[in-house]
Every structure is written in C-alpha cells, then in structure tokens.
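Look at the model below. The questions that follow go through its chains, sheets and domains step by step.

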Amino acid sequence: MHIKIKRRRFGQLALLTTLLTFISSRFKAAIGQTSPSQPVKMSAQGASVSLNINGVEQTVDIEPRVTLLDVLRERLGLTGAKKGCNHGQCGACTVLADGRRINACLALAAQYEGVAITTIEGIADGEELHPMQTAFINHDGFQCGFCTSGQICSAVALLDEVAAGEASAVTDNIMEIEEPLVINDAEIRERMSGNLCRCGAYPGILAAVKEVQGA
Amino acid sequence: MKSFDYIRAAVPDEAVSLASTLPAAKYLGGGTNLLDLMKEGVEQPDNLVDVTRLALSEITELPNGGVRIGAMVSNTETANHPLIRQRYPLLSQAFLAGATPQLRNMATVGGNLLQRTRCYYFTDTNMPCNKRDPGAGCSALEGFNRIHAILGASEDCIATHPSDMCVALAALDATVRVQGVDGERKIAMVDFHRLPGNTPQIETALQPNELITAVDLPAQSFAGRSYYLKARDRNSYAFALVSVAAALEVDNNIIQQARIALGGVAHKPWRSAEAESVLVGSAPTLEAFEQAATAAFVNAKTYEHNAFKVELGQRAIVRALSTAAQEA
C-alpha cells in the first residue's frame, strides 16, 4: 500500500514474476524428487503465514481454516473481492493466483504461500484503469456492482487464457492447437460463466470483454 | 468450519505416512469440493495433508504409447495440454464441460476422482443420508430425486457421481495409480468407483490413506472418433443430468471397438457393456446407434422425478455416437 513503485513498472514486474513462477513450477517436480524439503506444519491454533498480495509481502497470523477471501477482506482491508455465495458458485470472490483466476472463498490462505495473488485493487496501473475496467464503465457492465470486482478479475484472466490458446467447451475443434482461437460471443459467454450477475448486466459485460478482447 | 491442523507434505511417502498416522486425516488437493463440504459440516477432518506441492504435476508420454497425468495437475492444464487435446480430445472435452475456469484452475485430477455426490440430501446435514451417516436412511428415495441415479442404485442410496472427467476416463480405460503404506498399486478406472450396495459411504476401491499419484491413459486414444456430450439444466456451469462419452474405432465401415460411458445416471461412471456389444461388429449407422441406446437402459430403474433420464440418455447416446462417427 505504502510502496510507491510506478504502476506500469509494477505491471511489468508482476508479469515477470508470473512468468518466473510458471517456469519454476515446471521445474518444481524435478527439484522435489532430488531434494525433499521439510513439511510445513500449522496447528489448528494458528500460525504466521506470508502472502504476496498485489506485489506486497504480507504476514498474517491465522488459523489454517481461514480462507484467502477472509484474509483479504477481514485482515488486509482489501474488500474488492466479495463474499457472495461462499461456495464457489457465484464468482464474486474471483482473484488471480500466479495470473490464474480462482475462487478465493474456496482457497485456504495457508495453501497460497509463495503464490502471487492479484486482487481487483491491484489490477489498475496507478490512476490509470486497466482497459477492462474502462470497458466495463463504458459499456455499463454492472448495475449494483457487487459482482463487478470478480467479473473484471475473471475477464482479465480470460485475456491471458485466450492469448495462450486455451480452449473452452464451445471451442470448435479441440484437436486444433495451431490455429488461433476465434473468440465470438458464445466463447465469451462460456468463458465468463463462472461469474454470476443478479442484476443481469450480462449484455454490458459481454460488450466490455468483447471490446478489450478485440473480438 | 471445524478447526484442523494443516500439514503441507513435501514428498508422497511423507504424505502417506502422515495421513496414516494422524487422526481423522484427509488429503487436500485444490480444495474446491472438500472445503465446501467442510463449511457445511459434511466433512470434519482433524488433519489436512496438503498434497498440492508434491512432485505429481507433470503430464508425460509413456513408453507404451500412453500418457501419464500426475494427480496434482490442474483440470485446466490437463484439458489444454497438447498431448491431451490432440490424442485424447474426449478427455479435454469432458474437462471443459465441467465447472468454471476458476474451479478448473484450482481442481486437480486426483481430487476430481474423489469428488463427492451433489445429492442435496448428502449436503444437507439436517436430512438423513446413508452416505453421510450409515444406517440413517435415504431421503432421496421418496424425496425430490430428479438428479438421481437410474442404473446400479440400491435401496440405501440413489446418488450419482458428479464428475465429467471420470466418465471420459472410464470410456478410455484409464488406470489409476495409487500409493499406500505398503507401496504402489494400479486400479482400473472402471473398478475405481463402487456401486452403493448397502455401504454407500464407501465410494472407491482406495484403502484408507492411499494416495492417488497419477492416472495412466492407454495408447488407444480414439482421437478423431470420440465425443463427450453433456445434457444439463443450463448451458454452462451445471452438473450433468446425463452425459455420454462415446468413442468408436471403425474399419471397413464396421465398428471394431466401441466405448460408451455415461455420467449422471449412476453412483459411478457407468460403462455400458450392453450398448458396446450392440455396436461392435455393426456398421456405424443411426439404426445401430439407436439399438445401442435402447440396450444401455434395459436395466434402468427410475424414481418419481427422474424417469425423463431414460429418453434423455438414449437420445444423448445417439447424438454422441453420430457426432463421434462423423469426425476424422
């Protein structure tokens, strides 16, 4: 919060961190087999857990049963991610873990040590909104706003998934991995189906994602 | 949620030994199902052994032409791995038909095998359920049983298995590799899950504290002649009312090999030997597909609200087979 790094630089750093984490996770297997490390134990009474949230190392004393969502909201004051259903059914708690979208309500915080977490509070570049945030505003991609943080985090991750060529349930030929994906309305709807909006702002959400995705 | 001790294991041996020595221990993968059930009080472990950092996160080719998927590979990564998309598209389709991007990023292959039923009465601790509380009775038998089983059920339990992945794995004749205190062993996917009988609380062939380490796919992949069809109440993000994993090997216009596995109809992914035996030796015609579809449900037993699943299942089989036959 207090650290003033230029946000664009921070964005680059975050990308680099994500890439490095991705690469290191690829090698984790080999390392794990040759140099077994010690187990990490945490008693039910609680212990200190280090989390990397929006590029800042945060240490919290928590019980193992505390979810990442509760740490963000109740301990770190990051109330952007919302507790909607608390069962992984609505997507209002969506955050990014090493660049991948997850439901923070179904994540034990203790399991996410060493993982770079990005919340809606870390999506903008300083005062400059992320293009997805601007698009949500321009297209009225919300009414009450409760689901919006999750929708935007999810949509930001969607861009990376598409760029990486990841398929969805409506992708035509799953065996075709060389051809670029065709991202039409059906693709966006399917890829955003883990985020519910009770106000029914779906047309605006679709338009916003479509604009940024360049579909 | 009841409190518990958390241990993040570094190597499989240690995970197995911790789970076997600690009281009321459970392995923790992605947590998407287990944590949810712990919040409801359905699961109440005293110890969680986190196995997500074990070196079980690789997808590799096997010397026999098959592919090994580590138990801790995420559903997303498996669905999108080039080896899976190109050689086992049926499995990619099944993964992508399930849950949401968020959940698929978290959920592991090992955890997916151990998903619990989505029977409402199992999740509702105020209702009797033989699976949750053996001997308590089954609320679904006379209750709202629209999503329940029509094949292989018992008077003690009519719950269904919720996984899409498992249906494709059953069709592909996958093998589950497990590690226990006495070493490693392999379990055929079709034998991994159990029918409820009078012990619906025992859902798999795993011994207590055995750890799933990998899933092996055989060389025969049915690429280009397979299809996963899922029928559900909404077009995305819902469990299957009925799903079909269909795969064919056709030579000289005669079906040499056929695989039909059904989801949403039984306590386990349901391989239909009846449908497969109708298909093998026949030409891949609509008539043969319809006969297979009829054969698949000859032993179906329906309940008050789920009789629709028979016709839905028959039509789904015909469509899945027709699509599979058109490919390649």
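Domain bounds come from an automatic or database domain assignment. The model is predicted.

Q: Which residues make up domain 1 and domain 2 of chain A?
A: Chain A is divided into two named parts. Domain 1 is written in two segments, and domain 2 in one. The bounds are 7-34 + 46-122 for domain 1 and 131-213 for domain 2.

Q: How many residues of domain 1 of chain A are in contact with domain 2 of chain A?
A: Contact here needs C-beta atoms, placed from the backbone, within 7 Å. Domain 2 of chain A brings twelve residues to this contact. Domain 1 of chain A brings 15 residues.

Q: Which strand gives the largest share of the side of domain 1 of chain A that touches domain 2 of chain A?
A: Strand S4 (94-97) and strand S5 (100-103) of chain A each supply at least two residues of that side. By class, the side has seven nonpolar, five polar and three charged residues. The largest share is three residues, and the strand that gives them is S4(A).

Q: How many nonpolar residues are on the side of chain B that touches chain A?
A: Chain B and chain A each put 42 residues into their contact. Several elements of chain B supply at least two residues each, among them strand S1 (5-8), helix H2 (34-40) and helix H5 (89-97). On chain B's side, 13 residues are polar and eight are charged. The nonpolar residues number 21.

Q: Which residue of S1(B) stands opposite Met42(A)?
A: Strand S1 (residues 40-42) of chain A runs antiparallel to S1(B). Three bridges join these strands. Opposite Met42(A) in S1(B) stands Tyr6(B).

Q: Why is one side of S4 and of S7 in chain B left without a neighbour in the sheet?
A: The open sheet has five strands in the order S4-S5-S8-S6-S7 (chain B), paired antiparallel. Strand S4 (59-61) and strand S7 (183-188) of chain B stand at its edges. One side of each is left without a neighbour because each has a single partner strand.

Q: What is the bridge partner of Gly180(B) in S7(B)?
A: Strand S6 (residues 175-180) of chain B pairs with S7(B) in the antiparallel sense. Six bridges link the two. In S7(B), the partner of Gly180(B) is Gly183(B).

Q: What angle does the direction of helix H1 of chain B make with that of S8(B)?
A: Helix H1 (residues 12-21) of chain B packs on the sheet. This helix touches S6 and strand S8 (211-217) of chain B. Its direction and that of S8(B) make an angle of about 130 degrees.

Note on methods:
Residues are numbered from 1 along each chain as its sequence is written. Chains are lettered from A and ligands numbered from 1 in the order in which they are written. This is a predicted model: local features need pLDDT of at least 70, side-chain atom pairs count only at pLDDT 80 or more; totals for chains, interfaces and linings use all residues. Two residues are in contact if their C-beta atoms, placed from the backbone, lie within 7 Å. Helices (H or I, at least four residues) and strands (E, at least two) are DSSP runs, numbered from the N terminus. Ala, Val, Leu, Ile, Met, Phe, Trp, Tyr, Cys and Pro count as nonpolar, Asp, Glu, Lys and Arg as charged, and the others, Gly among them, as polar. Two strands pair if DSSP finds at least two bridges between them. Axes are lines fitted to C-alpha atoms, for helices over the stretch in contact, and angles run from 0 to 180 degrees between N-to-C directions.
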